[in-house]
Structures are given as C-alpha cells and as structure tokens.
Amino acid sequence: MTDWVAELARCTRCGACREVCPVFALTLREPDVARGRLARIEAADASGRLTHADRRALTRCLQCGRCREVCKADVRVPQIVRDAKYRGGAGMGAAQQSITYLLADPERLRKLTDRARQFAVALGRATTDGSGMRLRFALPYLEAGRYLPKLPKQSYLSRTTGRTAQGERRLALFLGCGAGRIFTGVGEALDTILATMNLTAAVPEQACCGLPAWGMGADDAAREALANFLTAFGGESIETILSPCASCTAMLQQEMTEALSDTPLADAARIVAAKVSDVFVWLRENDFHPPRLSLRVAVHVPCHTRRGVRGGDALTPLLRATGARIVELPAETAADCCGMGGSFGVFHPQEAREIGRKKMAAMLAARPDVIVTSCTGCLVQLRDLADHFGATVPVRHGLELLSG
Ligand code: SF4
Ligand code: SF4
C-alpha cells in the first residue's frame, strides 16, 4: 500500500481547495476542506491515534476530487482520506460492515436483494413518476422521505447471467449492483445498442465491484469483492469488459490495482483492469452510430468520470452526435458533485441533499426534457433531488437515451 507521508508533507496549506470543495461551501468550516482534513490526518499520524472526532470527520469528505483538480502540489486528497479511513475504521458501524460483506459475493447479494424486495412495499409509498418509493419512516442511515428506486420483479442479472458472447468481439458486461440488480433498463438498453452492431456480450456471474466497501475503508470486504470479480472476468477469452456505471469503472480501472497491490492477485488485477472500459468510451471508439434525438438534455457528469475513468466523459459527445441540445449549466455548478459521494450520502444524508440541491436547481432552471447521467449511484441521488423539487422531468441513464 502507498505510504502517504511524503504526499501529506507536500500540502503547502495554500487554501486553493477552499474555492471548490462542496462540503466547505456548505459549512464554511476549516475541518471540512482538504487542507483541514490533511492537517487532521497528519496530527493523528504523529500522535499514533485517530480520535472518534477524527474518524467522524473523515466521513465528511465526498471524495469527489475537486480539490485535486486545483491543487498545484498534486496532493491526492481522496486517496489519502480513504486510506486514513481504513487505518482508523472510520465510523464503520455493524450495519455498514454487514452491508459491505453482503455485497461482495453474488449469492449473498442475491439474497439481500430478494429480502429487500419482500419488505419494500411496507417501507414506502410510490413516487409520482412510479420509478421508486419514498420511505415512510427513518431506517438506520436512511432518513424518512428518502427516495429509493423500485426493485424489479426480475433483475437484469437474474435473466442474463451465464449468457455467452456472440459476434466478432469477445465482450463481457460488468453491470454493478445498480444496473445489475435494480435498473433493468440499463442492461436492456446496452443489449439493444450492441444488437445494432451484431454483438452480444457475455454476462458472467457477478456481485459488487467493491467500491462501497473500499470507500468506507472496509478493505477486507473490498478485496473479497475484487477477488470474486477477477475469478469471473479474469479469463483470457474476454477481450473487453464493458461497464455502464462510472463509479464501478473507476474502481475497476484505478482502485483495484491499489487494493490488491500487496496480494497474490496483483498481476491479475493489472491485466484485467486494462480490459475494463467505460461503455460510452467504448461506443465512441467502436463506430457506434447514435440515433437522432430531438431533446433538451441536462447531463450530470459523475465525479468518478471526471477523475477516475479512462477516456473521461464520452456520454456528452455521444449525445451531441444524436442532435440533442445539451443545456449549458453555470460554470460554478457544472462540475459539482450530486452529493451522493459514496458513504457521505450514508453518514450525512441531509448535507448530501443540500450539496446536490444546487446542482439540481441549475439543471431544472435550464428546462431540460430529460436529465441524464452515467452512474447508477448518481441516478438514485438525482431522482431523490428531482422528487424533492417536485419536478416531473425524467432522470435516465445515458444508455437508455442512446438505445433510441
Ligand atoms: S490546494 Fe493542495 S496544497 Fe493547497 S491547501 Fe489544498 S491540499 Fe494543500
Ligand atoms: S474530495 Fe471533495 S469533499 Fe473531499 S476535500 Fe476534496 S473537494 Fe472536499
């Protein structure tokens, strides 16, 4: 694992990160900006112990990477915060530990989804657009009124797992928990698109990419998820692994090699990480001809696309190629996080909504016909925000538009 001491020492305390940090913009508290977080980690490292307040403070970072974009010393704040969480067991209660454990394995994840579906009707009331429900009462780490997406009777993965690849390219799909278990339209849209290219992608058995566990500092659960991913997707028969969720893509392309660097899976992780492609980047590079669309579209580019996905944002240019009008957002909000920020949205739901409210307000003010993103985590947060604004504009995954 990386030794962060030298990198922590590079922080000049210049304060440039104060201009961009969404959490600092909300609270104006020095402990909530990159500079304050790094000082806290440095002090804790020097004293050899993280206090409860330190651990709690570490959960107040979205790990959005905005600070890194402006940091002239190139201090990798999100990675340093994440690593400190692991060392300090930041705020990880029994509930989070259980969830990260359940997500890591296909069978455990399937049972978790089935159980959630059984209880869903009693927990919430349907939203007006029918895409999900609002919680009737608060649950651990979920406030009353929180939007949760509807769980389908049959998930995309339950219908397609075991399918083999067809066509000239040896493609495999890694759906992630969101597209695989909840948003069935994402996988179906990709199947439609690939069919126009005379291709079918294989769907190996799969669970979580490990990002929720990794982001919370639950490294053992993250490594278990990644080991399962490598078992399923490590075969030489797979040429390219398509991922429709920006957060999963960043985890598999970037963080997987770091997470497994000191394990016997390090070499396999490097080889397989190179095969993972953001689905929109792949479509752009492989002569996909998008349909014609006559829509005003607001695009939310996920933080993981900005700072973690090879090839960056390919969804926006693909949408432009359809003839759709991409609405301009004010410069100060265009790059903003939706507020989900992995475990930030779990530990600080109200602040997460406050952070996202600014972004949603800017998008709605542009009067789009549809709001689009490429991360299923952002999709949940954006639907929650739109619902709280009482907006009826649909929030969709980019593939659902590109499939025509
Ligand atoms: S911008 Fe970089 S160097 Fe400046 S205070 Fe923030 S983290 Fe430190
Ligand atoms: S990663 Fe985002 S939330 Fe965390 S300190 Fe940097 S700008 Fe702030």
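1. The shell around ligand 1 divides into twelve nonpolar, two polar and two charged residues. This is a predicted model, and local features are drawn from residues with pLDDT of at least 70. Of the 16 residues around ligand 1, the nearest are Cys11, Cys14, Cys17, Arg35 and Cys71. Helices α3 and α5 each give at least two residues to this shell. The largest share comes from α3, with three residues.

2. Ligand 2 is surrounded by 16 residues, and the closest are Cys21, Cys61, Leu62, Cys64 and Cys67. Four elements give two or more residues to this shell: α2 (22-27), α3 (34-47), α5 (66-70) and α6 (77-88). By class, the shell around ligand 2 has twelve nonpolar, two polar and two charged residues. Helix α3 is among the contributors to the shell around ligand 2, and α3 also contributes to the shell around ligand 1. The same holds for α5, listed for ligand 2 and for ligand 1.

3. Two loop residues deserve a look at the backbone. Most residues other than glycine have a negative phi. Arg13 has phi near 60°, a positive value in a residue other than glycine. Arg13 sits in the loop between α1 (5-10) and α2. Gln63 is not a glycine either, yet its phi is positive, about 55°. Gln63 lies in the loop between α4 (52-58) and α5.

4. Are these two residues buried or exposed? Arg13 is exposed, because it has 10 other C-beta atoms within 10 Å and the limit for exposed is 12 or fewer. Gln63 counts as buried, because it has 21 C-beta neighbours inside 10 Å and the limit for buried is 20 or more.

5. The domain assignment gives domain 1 (5-88), domain 2 (99-123 + 153-283) and domain 3 (290-402). Domain 2 is thus written as two segments, 99-123 and 153-283. The C-alpha centres of domain 2 and domain 3 lie 22 Å apart. Their contact takes 25 residues from domain 2 and 22 residues from domain 3.

6. Which helices build the domain 2 side of that contact? At least two residues each come from α10 (176-182), α11 (184-196), α12 (211-216), α14 (246-259) and α16 (279-285). Helix α14 supplies the largest share, six residues. By class, this side has 16 nonpolar, eight polar and one charged residues.

7. Helix α13 (residues 219-233) passes a simple length check. At 1.5 Å a residue, its 15 residues should span 21 Å, and the end C-alpha atoms are 20 Å apart, which agrees. The buried residues of α13 are Ala221, Ala222, Glu224, Ala225, Leu226, Ala227, Asn228, Phe229, Ala232 and Phe233. Glu224 and Asn228 are included in that buried set.

8. For the overall fold, the protein has 23 helices and ten strands. Its radius of gyration is 20 Å, close to the 22 Å that the globule rule gives for 404 residues, so the protein is as compact as a globular protein of that length. Along the principal axes, the C-alpha atoms fill a box of roughly 60 × 50 × 45 Å. Of the 404 residues, 48% count as buried. Among contacts between residues at least 6 apart in sequence, 75% join residues at least 24 apart.

Technical notes. Residues are numbered from 1 along each chain as its sequence is written. Chains are lettered from A and ligands numbered from 1 in the order in which they are written. This is a predicted model: local features need pLDDT of at least 70, side-chain atom pairs count only at pLDDT 80 or more; totals for chains, interfaces and linings use all residues. A residue is near a molecule or strand if its C-beta atom, placed from the backbone, lies within 6 Å of it. Ala, Val, Leu, Ile, Met, Phe, Trp, Tyr, Cys and Pro count as nonpolar, Asp, Glu, Lys and Arg as charged, and the others, Gly among them, as polar. The expected span of a helix is 1.5 Å times one less than its number of residues. Domain bounds come from an automatic or database domain assignment. Two residues are in contact if their C-beta atoms, placed from the backbone, lie within 7 Å. The radius of gyration is taken over C-alpha atoms; the globule rule is 2.2 Å times the number of residues to the power 0.38.
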